[in-house]
Each structure stands twice: as structure tokens, then as C-alpha cells.
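Student: I'm new to this one and a bit lost. Could you pick a single part, look at it closely, and then walk me outward from there?

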Amino acid sequence: MIVVAGEALIDLVPERPGDRLGPLSPRLGGGPYNTAVALGRLGAEAAFCSRVSTDGFGEALLDGLRAAGVDTSLVQRGPEPTTLAVATVGPDGAAGYGFYASGTADRLFELPPELPSGVRALALGTCSLVLEPGASAYEALLRRESGRGVFTLLDPNIRPGLIPDADAYRARFRSWLPYVSLLKLSEEDAAWLGGGVESWLAAGPEAVVLTRGAAGMTVWTRSGPREVSVPGERVEVVDTIGAGDTVNAALLHVVAGRLPLSAAGWGSALSFAARAAALTCGKRGAEPPYAAALGSPTPPLP
């Protein structure tokens, strides 16, 4: 089983990109939530670990997980409201966000008991590692499960507007790296965080994957091939919401617990992730693809 831990929220997405005062459509979202749904749609055995509101939005979020076949037994519940993220979509489909997260349910996440022995991977990231007091609980979960030998993926998925002290966050990010098996981040995340691939690899991860949007993605590894790149998949972009989360899911589904890989193995895994992300970009909101749309549940790894 792969456990994804972090926030579940509602994205309010413009029905007409570029229209500042146009109607907004509520969409199920949150980086970790999207990753869990994408894993379920790919056919992976997945579970979601978070705190979700008992309000109507919270019920809809749980319905979305169950519809994707995701285990919700690790979800905590609370009466606080669901976090809202108001998305703005540019002419190129790129999305920006404003958050309404004060006093919301996902911020009050508490460290759960040790995860089941059958868990083979844990993924964390985005707002959940910023907003206290839940951020400290998610951090403790990362450290504890990594110490038990669980494969871990970290996607910082930076939202600058939620980070009051950038330098403090950057230092905290570096403190997580010894507990991370696979670090995945976008070019924008990398530029904001500073440092670089060599320093990140030296701190602990077995591999670092950098996504470049339409230009594709690259992996650097500590053992095996030094660097492998694949191009992006051509697609008519509607918006990019959930694309990075789909990459997380595809990579977890293929490589969790299987590192190191050969250069050909990494090429296959990255190409699979690029195809999945492209299909997500072709739909409005975070709508990761089902395995059937990708031709096979998992690609063969040479």
C-alpha cells in the first residue's frame, strides 16, 4: 500500500480562464489529495492520511477518494471548515492560488499510530508541511516512517503566499532531506528553494526529479545513471491543475521500493509520468487519468 498524507481542499476554478470576476466552479483538490486519487485511478493500492472536515465539502472529498478506490481508514475528521483555494488560470493554462485556510480542518491533523506493516511508500508535500500545527505532525510522520525503512516521496510544491518566513522554511526543507527517498519538484520550486541538485542528493535522497512543464522532466540519482531526461508529451493544455500531483502518483506507482533503476528503467518511468501529466493538463481542474487511458497499469521497467 502507498499512503499519501496531507491536505484535502476545494479548488475554486474559473469557468472562463482570464475572467477575473467570472463564475468559479468547486473542484476536489489539494496536492496530496490529487496524488491519492491519481494513484487509485492508476490501480495502485492507496490510502489517504489527513484530517477532513465533516462539512459538505469534506463529505464530497471523501466520496472522491472512495470513487477512486482509495482507502480512507486513516482519515481523521473534524467540524472545522474545509480549506478553499481560489485558482487563477493564465492564458497558457498555468495556475496560481490564493488560500482561505484559517482554522480549517486539515491544519489540525495529529500524528497517527504507526502505519500498517504493509505500507511500502509514503508521500507528503504542499500546504500540509507549512500550516501549523499540522505541519509538525506531518513532519514527525515523515521522520518516523522513514526510520522504519518506508520509501518516502517529498513534493514541496511551494505556495509562497502561505510561507511567512522563507528562510525558515528553506532551512526546514533541508532538514527533511535525510528522510526522503525521492524528491520531486518543479523548476519554479527549485528556483524558490535555492541550493541545487548536488546539495539535495548529498543530503539524503536516492533520486531528485525536476519537472519542466512542456519541456519534460529530468532525474538525477546517487546510484545508477547520473542523469536521465525525457521530453514532455504534446497536449492542448486546458489548465495545469493537478499535473505535478499526477507525476507524483505515476512515479510512486512505478518506482516505490525499486530503486536504484537503470537509465532505461528511469526513462520508462519518467515517460509514463509525462503521459499521465499531459492527460491531466487536457482537462479542467485536477482530473488525473485512469490506467486504461495510459494503455497499461504500469510500464515494464528494463
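Tutor: Let's start at N157, which sits in the loop between β10 (151-155) and α4. Keep in mind that this is a predicted model. The phi of N157 is near 45°, a positive value, and the residue is not a glycine. That deserves a second look, because most residues other than glycine have a negative phi. Is N157 buried or exposed? Its relative accessibility is 13%, and buried means under 20%, so N157 counts as buried.

Who touches N157? One contact is D245, a residue of helix α7 (residues 243-255). Setting aside neighbours within four places in sequence, D245 is in contact with G31, N34, T35, D155 and N157. D245 is buried as well, because its relative accessibility is 6%. Now see how far along the chain this spot reaches: D245 and L39 are 206 residues apart in sequence, yet their C-alpha atoms are 9.7 Å apart in space.

Follow those contacts and you land in helix α1, which covers residues 31-42. How enclosed is α1? Its count of buried residues is 12 of 12, so the helix is largely enclosed by the rest of the structure. Among the buried ones are G31, N34 and T35, along with L39 and R41. The helix has the length you would expect, too: at 1.5 Å a residue its 12 residues should span 16 Å, and the end C-alpha atoms are 17 Å apart, which agrees. Right after α1 comes G43, with a positive phi near 95°.

What does α1 pack against? One partner is helix α2 (residues 56-67), and the two axes lie 9 Å apart at an angle of about 30°. The pair therefore counts as roughly parallel. Y33, A36 and V37 on the α1 side meet A60, L61, G64 and L65 on the α2 side. Sorted by class, this contact has six nonpolar residues, one polar and no charged.

Back to the loop where we began, which leads into α4. Helix α4 (residues 166-176) pairs up with helix α3 (residues 134-147): their axes come within 11 Å and cross at roughly 25°. These two are therefore roughly parallel to each other. From α3 the contact uses A135, S136, E139, L142 and R143, and from α4 it uses R172, S175 and W176. The mix here is three nonpolar, two polar and three charged residues.

Stay with α3 for a moment. It has 14 residues and reaches 20 Å from first C-alpha to last, close to the 20 Å expected. Its buried residues include A135, Y138, E139, L141 and L142. What do the buried residues of α3 pack against? Besides α4, their partners are β1, β4, β5, β9 and β10. G149 follows α3 and has a positive phi, near 90°.

Just ahead of α3, the loop from β9 (121-125) holds P133, and a cis peptide bond joins E132 and P133, with omega about 5°. That one stands out because most peptide bonds are trans. A cis bond also joins L259 and P260, where omega is about 0°, and P260 lies in the loop between α7 and α8 (263-281).

The loop between β9 and α3 also contains T126. Like N157, T126 has a positive phi without being glycine; here it is near 65°. T126 is buried, since its relative accessibility is 5%.

One last stop is the cysteines. How many disulfides does the structure hold? Zero. The sulfur of C127 is 16 Å from the closest cysteine sulfur, the one in C49, which is too far for a bond. Both count as buried, because C49 is at 0% relative accessibility and C127 is at 4%.

Technical notes. Residues are numbered from 1 along each chain as its sequence is written. This is a predicted model: local features need pLDDT of at least 70, side-chain atom pairs count only at pLDDT 80 or more; totals for chains, interfaces and linings use all residues. Side-chain values use heavy atoms; hydrogens and water are left out. Helices (H or I, at least four residues) and strands (E, at least two) are DSSP runs, numbered from the N terminus. The expected span of a helix is 1.5 Å times one less than its number of residues. Buried means under 20% relative accessible area, exposed over 50%, partly exposed in between (1.4 Å probe, protein chains only). Axes are lines fitted to C-alpha atoms, for helices over the stretch in contact, and angles run from 0 to 180 degrees between N-to-C directions. Angles under 35 degrees count as roughly parallel, over 145 as roughly antiparallel, 65 to 115 as roughly perpendicular and the rest as oblique. Contact means heavy atoms within 4.5 Å. Ala, Val, Leu, Ile, Met, Phe, Trp, Tyr, Cys and Pro count as nonpolar, Asp, Glu, Lys and Arg as charged, and the others, Gly among them, as polar. A disulfide is a pair of cysteine sulfur atoms within 2.5 Å.
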